[in-house]
Amino acid sequence: MTDQLTYPRGCTFAESDWDILSQFWYPIAFSHHVKDQPISATLLDQRLVIWRTTAGLSVANDICLHRGVPLSMGQVQSDQLVCKYHGFHYSSEGRCVLIPSQPGASIPPKLCLKTYPVKEAYGLIWTSLAGGESHPLPDFFEWEDADYQQILPNAVDLNAAAGRQMEGFLDVAHFAWVHTETFGDSNNPIVPRYDVTPTANGVRAEYLSTVSNFPKGLQDLAPADFQWLRVFDVYFPFTARLTVHFPDDGRLCILNAASPISARKTRVFCPICRNFDRQMPLEPVYEFNYQVFAEDKEVVEAQYPEDLPLELLAEVHIRADRTSIAYRKGLSALGLGTVYTA
Ligand code: FES
Ligand SMILES: [Fe+2]
């Protein structure tokens, strides 16, 4: 049970949802952004500081226990996190080890930061506010595969709920309407029947269609009747990976890891791997990716109610929505949405 006092200040989630969401792992920063100085991040309304020492990465609440100054304003000195205001030194485990104004005096044991477990994977720093013991990180093994090129676009921030963003990533009926400047074809709106099956930590959808994944202008690179397979693997609650099967056994893998800053703000990290065009410049990949996300952002930020409705009767579903129906059912099965706040 989560102690009532541990909810973040100004928590925008229903407490019952926060209790469940806090058990999972989420990316909160890029590994390469945390070098010799602390940085801040916010997850599920909890303000965090991330810093690196010779002991590795540490994540803690971003508040000095002396006078409430964010520790991300401080610096790492001699392998310790030092507060900007009065210079209290904290160890990599969050324990205060030096009060410079009274160096000989004993240090109260309660001068110990609330810390969280941390993992580095896929170029990202992940944490879990409630410990994460019972949940794995999503699988993205191509990140370690020498046959693949690893690509790390900037994160995309949305004024939207993570569930809405995730469902948009899984939606296959919007390509012909929203992605007309990137890869979608407004003359090809039909969604063929496809299957959704349960997996250990989510659901899998296998979608076969003639919608090309090549950017507009390059779409004749594929044989005219080529059938594009898109495999979506959802890891509840807010991560999914998409594997697009290109001609000649090409594979493009996109991890959509939606990190809930609050109930209304989401930061999407999307590491990409591909086993083709590995010598080609990355600028066009970044450009294409940002444009696709920008097309989605306009719609997802406008949707309301802002929370993803988990009560299935709240919105109308069509056959093309099989993945999102399974997604909503999966989130409900986690216990989310018992208090509907939108
Ligand atoms: S507020 Fe951090 S040392 Fe005083
Ligand atoms: Fe989209």
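A pocket is an open set of grid points with protein on both sides within 12 Å along at least five of seven lines. The model described here is predicted, and this report covers its pockets, its cavities, its iron site and a few single residues.

## Pockets and cavities

The second largest pocket has a volume of about 410 Å³. It is lined by 16 residues, and those closest to its centre are Arg9, Gln46, Arg47, Asp62 and Ile63. The largest pocket holds about 760 Å³ of space. Its lining is made of 31 residues, with Asn213, Pro215, Phe246, Leu252 and Phe288 nearest the centre. Helix α2, strands β16 (228-235), β18 (251-260) and β20 (272-274), and helix α4 each give two or more residues to this lining. The element that gives the most is α4, with seven residues.

Closed spaces are also present: the structure has four cavities of 30 Å³ or more. The largest cavity contains about 300 Å³ of space. Among its 21 lining residues, Phe13, Asp17, Phe238, Asp307 and Leu308 are the closest to the centre. The elements α1 (15-21) and α2 each supply two or more residues to this lining.

The table sets out the volumes and the classes of lining residues.

| Space | Volume | Lining residues by class |
|---|---|---|
| Largest pocket | about 760 Å³ | 22 nonpolar, five polar, four charged |
| Second largest pocket | about 410 Å³ | eight nonpolar, three polar, five charged |
| Largest cavity | about 300 Å³ | 14 nonpolar, five polar, two charged |

## The iron site

Which atoms coordinate the iron ion (ligand 2)? The donors are NE2 of His174, NE2 of His179 and two OD atoms of Asp296, at 2.0 to 2.6 Å. Along the chain these donors follow the spacing H-x4-H-x116-D. The site thus joins distant parts of the chain: His174 lies in the loop between α2 (162-170) and α3 (175-178), while Asp296 lies in helix α4 (residues 283-300), 122 residues apart. His174 is buried, because its relative accessible area is 13%, under the limit of 20%.

The angles among the four donor atoms run from 55 to 152°, and the site is irregular. Four donors count as tetrahedral if all angles lie between 85 and 135 degrees, and as square planar if opposite donors are over 155 degrees apart. The range of 55 to 152° fits neither description, so the site is classed as irregular. For comparison, ideal angles at a metal are 109.5 degrees for four tetrahedral donors.

## Cysteines

How many disulfides does the structure hold? The number is zero. A disulfide is a covalent bond between the sulfur atoms of two cysteines. For Cys273, the closest cysteine sulfur is in Cys253, at 6.0 Å, which is too far for a bond; a disulfide needs the two sulfur atoms within 2.5 Å. Cys273 is buried, with a relative accessible area of 0%. Cys11, by contrast, is partly exposed, at 24% relative accessibility.

## Thr199

Thr199 is found in the loop between β14 (195-198) and β15 (202-209). Is Thr199 buried or partly exposed? Its relative accessible area is 34%, so Thr199 counts as partly exposed. Thr199 and Ile39 are separated by 160 residues in sequence. In space, their C-alpha atoms are 36 Å apart.

Notes:
Residues are numbered from 1 along each chain as its sequence is written. Chains are lettered from A and ligands numbered from 1 in the order in which they are written. This is a predicted model: local features need pLDDT of at least 70, side-chain atom pairs count only at pLDDT 80 or more; totals for chains, interfaces and linings use all residues. Side-chain values use heavy atoms; hydrogens and water are left out. Donors are N, O and S atoms within 2.8 Å of the metal (3.2 Å for Na, K and Ca); water is not among the atoms, so sites may look incomplete. Four donors count as tetrahedral if all angles lie between 85 and 135 degrees; four count as square planar and six as octahedral if opposite donors are over 155 degrees apart and all others between 65 and 115; anything else is irregular. Helices (H or I, at least four residues) and strands (E, at least two) are DSSP runs, numbered from the N terminus. Buried means under 20% relative accessible area, exposed over 50%, partly exposed in between (1.4 Å probe, protein chains only). On a 1 Å grid over the protein atoms alone, a cavity is a set of points where a 1.4 Å probe fits but cannot get out, and a pocket is an open set with protein on both sides within 12 Å along at least five of seven lines; lining residues have an atom within 4 Å of a point. Grid points are joined across faces, edges and corners, and a volume is the space filled by probe spheres set on the points. Ala, Val, Leu, Ile, Met, Phe, Trp, Tyr, Cys and Pro count as nonpolar, Asp, Glu, Lys and Arg as charged, and the others, Gly among them, as polar.
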